[in-house]
Amino acid sequence: MPAGLPADVLRRTAQLLGEPRVPSTGVGESAALDLIAGLLDRDGIDLSHPHAAAHLQPPVLQVAVDADRLASASNASMDTYDSGPATLAIEQWVVRALAGMAGFGPAADGVLTPGGSISNLLAMLIARDSAAAAAGLDVRRDGVYGMRRPVVLCSELAHFSIQRACAALGLGEDAVIAIPTDDDFRIRLDVLADELARPERTPIAVVATAGTTDYGSIDPIEGIAELARPYGAWVHADAAYGFGALFSDRLAPLLAELPAADSVTLDLHKIGWQPAATSMLLVADQERFSALGRSVDYLNPADDIDSGLDGLLGRSLQTTRRPDAVKVATTLTAYGRAGLGKMLDTCHELAHAAAARVVADSNLELLAPVTLTTVLFRVTGRGLDAAGVDALQGEVRRRLLTAGQVLIGRTTIPGGGDRPAAVALKLTLLNPNATASDIEDLLDLVVATGHEVRSAEGAA
C-alpha cells in the first residue's frame, strides 16, 4: 500500500488527475496510459507483494490477464448467439467443467456473474420463485405479498450479501434468520431444526456457507439438506471462498457434501487467481433457471430461439454481459486442476506455518484453527482490559497500513458461551509465491508495531 494517511493519498491521486471534468481536448493515448499507469503504480495496491494479506483478493495469473484482454477486445456479449458465438460455447464449457467438479449431474447448469454477491442474489431469487410456485403464486408478476412470512435461514457467519439479496427481492433483511454457530464456527443443526419448525414462517431457503470469510469453516451441507427438504426449502451453498478447495487432493474432501445443495456460488477471483470479478452460480437442475427466461423481439424472438439463435439471456439479470469465461477457460486449460491445486496447497501450508509461528510467539495469540488459508490471531495485551486489547489490534493494523509496510485484515470473533467477542487480526494467504520467511518477516513487523503502540500509550 502507499505510505500516508488515506485522505492524503486520495487527495494526491485526485490532484494528479486534474480538475474533475471531461477535457475538451485529449492528451493522446500514450500520455493517458502513462498517466493512469503512474497513478496505479504510485498509489495503488501491489497484491503480488508477500506482505499483502488482508482480503480474499489474490494476485492474478498473467495468463488470465492476457486472456481478459482478448475478451475485452472481442467486446462480445453473452445474451444472444449473434453477440458472440464462440464465447457462448466457452462459457458453457466452463460451466459444465465446474459443475462436474462440484459433483452435479448432467442436468446441471450455471452462469457467470459479476461477483459472489450477485450469484447469491440469483440463488435467492430462484429460491423465492420456487417457493412461490409451490404455493400457487406468480411472485414475479404479483410480488411477494401473497407469501406467508417467507424467511431465509443461514448461520450467523454467512456473508452479508444474503441480507442484501433479501432486501433487493422484497423480502426484507429481517427475513434472514441467523443461526448461531458451534465452537468450530459451523451452523448449529439443532437450532436450525427448531427454527425451521416454527409454523408462522415459510422457509424458502437455507444457506450453507462452504468457507466462511474469516475462518474458512464449512457448514454440514448434507445435514442442512436433510432438515430443509421436508419444508420444501431451497438449499444453497455459498462456496465463494471454499469451492477452490476442490482443486486440491488434500482439501477436496472438505467439500464432499457439496452435491447435496440445489445451487452453489463460487468465486474464481478468490481461489482461482482470476481478475475480478469472476463468479458463478451453479444449479443442480437447469430447469430452475426458467423463471429468468425472456423472449425479447429485438434480441431473441421465439422463431430465432427455435432456429438455434438463442443465447444466455435467460440465465442472468443482465442483458449485456462480458465474456468472463474466456479467462477462466484459458486458466483451466493452462494449469489444469493439478496446477491450481498446487498453488492452493502452497497457500494452505503458509497458513499453517503462520499459525505455528503465532503459537510459538508469546507476543501473539492464535484465535482459531486453520481450515483453508486464513489465520486469525492478535497481539497480546498484557495488563490491558478487553476494550484495550481490542483497540490495540485496530491501531496496529492502521499503523502498518499507513506506513505502507504490511496489509493485513481485521475482524471480530463473535462471543459464544464463556467466550467474549474479540477483535482479531487476520492473514488471508492467497499468494502462492510467498514463502514462510516472508510470513515470518510480516509477523515480526506486527510484533514490533505492537510494542511501538504500547510504548506510545505508556508515554502518553
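Trainee: Which residue in S11 is the bridge partner of alanine 53?

Mentor: In this predicted model, alanine 53 has isoleucine 408 of S11 as its bridge partner.

Trainee: What makes strand S1 (residues 52–53) and S11 a pair, and in which sense do they run?

Mentor: Two strands count as a pair if at least two bridges are found between them, and S1 and S11 are joined by two bridges in the parallel sense, so the requirement is met. S11 also pairs with strand S12 (residues 422–428), here over five bridges and in the antiparallel sense, and within S12 it is valine 423 that stands opposite threonine 412.

Trainee: Why is S11 called mostly covered?

Mentor: A residue is buried when its relative accessible area is under 20%, and five of the seven residues of S11 are buried.

Trainee: What is the strand order of the open sheet, and which strands stand at its edges?

Mentor: The sheet has seven strands in the order S2-S8-S7-S6-S5-S3-S4, with mixed pairing. Strand S2 (109–113) and S4 stand at the edges, because each has a single partner strand and one side of each is therefore left without a neighbour in the sheet. From one strand to the next, the twist averages 20°.

Trainee: How do you know that the pairing is mixed?

Mentor: Strands of a sheet can pair either parallel or antiparallel, and both senses occur here. Strand S6 (residues 234–238) and strand S7 (residues 263–267) run parallel and are joined by three bridges, with alanine 237 opposite valine 264. S7 and S8, by contrast, run antiparallel over five bridges, and serine 279 in S8 is the bridge partner of aspartate 267. S2 and S8 are likewise antiparallel, with five bridges, and aspartate 109 has valine 283 in S8 as its bridge partner.

Trainee: What makes both faces of strand S8 covered?

Mentor: Side chains in a regular strand alternate between the two faces of the sheet, which is the reason to look at each side separately. In S8, Ser279, Leu281 and Val283 lie on one side and Met280 and Leu282 on the other, and all are buried. This agrees with the count for strand S8 (residues 279–283), where five of five residues are buried.

Trainee: Why is the pair formed by phenylalanine 185 and tyrosine 215 called stacked?

Mentor: Ring centres must lie within 6.5 Å, and planes under 30 degrees apart count as stacked; the two rings are 3.8 Å apart centre to centre with 10° between the planes, so both conditions are satisfied. A search of the whole structure finds one aromatic pair. The two residues are 30 residues apart, phenylalanine 185 in the loop between strand S4 (176–179) and helix H8 (189–196), and tyrosine 215 in the loop between strand S5 (202–209) and helix H9 (221–228). Both phenylalanine 185 and tyrosine 215 are buried.

Trainee: Is alanine 338 buried or exposed, and why?

Mentor: Alanine 338 counts as exposed because its relative accessibility is 64%, and the cut-off for exposed is over 50%. Alanine 338 belongs to helix H11 (residues 325–360), and its C-alpha lies 7.2 Å from that of serine 248, although the two are 90 residues apart in sequence.

Trainee: What lines the largest pocket?

Mentor: The lining has 24 residues, with Leu56, His159, Phe160, Thr213 and Asp214 nearest the centre, around a space of about 510 Å³. By class there are eight nonpolar, eleven polar and five charged residues. Helix H5 (116–134) gives the most to this lining, with three residues.

Key. Residues numbered from 1 in each chain as written. Predicted model: local features only at pLDDT ≥ 70, side-chain atom pairs only at ≥ 80, totals over all residues. Heavy atoms only, no water. 1 Å grid on protein atoms, 1.4 Å probe; cavity = no way out; pocket = protein on both sides within 12 Å on 5 of 7 lines; lining within 4 Å. Points joined across faces, edges and corners; volume = space filled by probe spheres on them. Helix = DSSP H or I, 4+ residues; strand = E, 2+ residues; numbered from the N terminus. Nonpolar A, V, L, I, M, F, W, Y, C, P; charged D, E, K, R; others polar. Phe/Tyr/Trp six-rings, centres within 6.5 Å; stacked < 30°, edge-to-face > 60°. Buried < 20%, exposed > 50% of the residue type's maximum accessible area, 1.4 Å probe, protein only. Axes fitted to C-alpha atoms, helices over the stretch in contact; angles between N-to-C directions.
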